Amino acid sequence: MNVIKLLEEWYISNCEGNWEHDWNVKIQSIDMLGWLVSINLVDTRVDGKEFPAYKVERSVDDWVHCKVENSIFNGSGGAGNLEEILIVFITWLVKVDKNFKKKK
């Protein structure tokens, strides 16, 4: 699964002239040697869809927490967990948005 490509496809599918100016996708490093991913879901096909909180704590350096609050997907994790955060988002997206085509 190429999660970056799938995230790009989802982002492009929501760009319609206005959405991309008001909402965004942010990927940033955090001071705890990790990552924070924020994806605004407002005015997308998945806005309001149930997201079961995801929490895995394997070690102090290997952890992932993901949830949706106020129409924003928030994922955080250790320095080596960025791809896993994106996989959690894309896996949920494919499950709840039947119009989103999963490509390999």
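Is Phe 51 buried or exposed? Phe 51 is buried, with a relative accessible area of 12%, and it turns up again in one of the close-ups below. Keep in mind that this is a predicted model.

**View 1. The whole chain, from end to end.**
Start with the overall layout: the chain has three helices and five strands. Walk along from the N terminus and you meet them in the order α-α-β-β-β-β-β-α. The radius of gyration is 13 Å, close to the 13 Å that the globule rule gives for 104 residues, so the chain is as compact as a globular protein of that length. Lay a box along the principal axes and the C-alpha trace spans about 40 × 25 × 25 Å.

**View 2. Inside and outside.**
How many of the 104 residues get tucked away? Of those, 36% count as buried. The chain exposes about 6500 Å², and carbon and sulfur atoms supply 51% of that area. Now look at who touches whom: take the contacts between residues at least 6 apart in sequence, and 54% of them join residues at least 24 apart. As for charge, there are 13 positive and 16 negative side chains. The centres of those two sets lie 8 Å apart.

**View 3. Trp 10 meets Phe 89.**
The chain holds five aromatic pairs. One of them is Trp 10 with Phe 89, an edge-to-face pair at 5.5 Å centre to centre, with 80 degrees between the planes. This pair links distant parts of the chain: Trp 10 sits in helix α1 (residues 3-14) and Phe 89 in helix α3 (residues 82-96), 79 residues apart. Why does Trp 10 count as buried? Its relative accessibility is 1%, and buried means under 20%. Phe 89 is buried too, with a relative accessible area of 0%.

**View 4. Phe 51 meets Phe 73.**
Here is another ring pair: the centres of Phe 51 and Phe 73 are 5.6 Å apart and their planes are at 85 degrees, so this pair is edge-to-face. Once again, distant parts of the chain are linked. Phe 51 belongs to the loop between β2 (34-40) and β3 (54-57), while Phe 73 is in strand β5 (residues 72-78), 22 residues apart. Phe 73 is buried, with a relative accessible area of 0%, and its partner Phe 51 is the buried residue from the opening question, at 12%.

**View 5. The aromatic cluster.**
Zoom out a little from the last two views. Which residues make up the aromatic cluster? Trp 10, Phe 51, Phe 73, Phe 89 and Trp 92 form one cluster.

**View 6. The loop with Asn 70 and Ser 71.**
Next stop is the loop between β4 (63-69) and β5, where you find Ser 71. Asn 70 has its place in the loop between β4 and β5 as well. The phi of Asn 70 is near 50 degrees, a positive value in a residue other than glycine. Ser 71 has a positive phi of about 65 degrees, although it is not a glycine. Asn 70 counts as exposed, at 73% relative accessibility, whereas Ser 71 counts as partly exposed, at 22%.

**View 7. The neighbours of Ser 71.**
Leaving out residues up to four places away in sequence, what does Ser 71 touch? Its contacts are Ile 39, Asn 40, Leu 41, Val 42 and Asp 47. For a sense of distance, try Lys 5: Ser 71 and Lys 5 are 66 residues apart in sequence and 22 Å apart in space, C-alpha to C-alpha.

Notes
Residues are numbered from 1 along each chain as its sequence is written. This is a predicted model: local features need pLDDT of at least 70, side-chain atom pairs count only at pLDDT 80 or more; totals for chains, interfaces and linings use all residues. Side-chain values use heavy atoms; hydrogens and water are left out. Helices (H or I, at least four residues) and strands (E, at least two) are DSSP runs, numbered from the N terminus. The radius of gyration is taken over C-alpha atoms; the globule rule is 2.2 Å times the number of residues to the power 0.38. Buried means under 20% relative accessible area, exposed over 50%, partly exposed in between (1.4 Å probe, protein chains only). Contact means heavy atoms within 4.5 Å. Accessible areas come from the Shrake-Rupley method with a 1.4 Å probe; for residues, only the protein chains shown count as cover. Lys and Arg count as positive and Asp and Glu as negative; His and the chain ends are not counted. The place of a charge is taken as NZ of Lys, CZ of Arg, CG of Asp or CD of Glu. Rings of Phe, Tyr and Trp (its six-membered ring) pair if their centres lie within 6.5 Å; planes under 30 degrees apart count as stacked, over 60 as edge-to-face and the rest as tilted.
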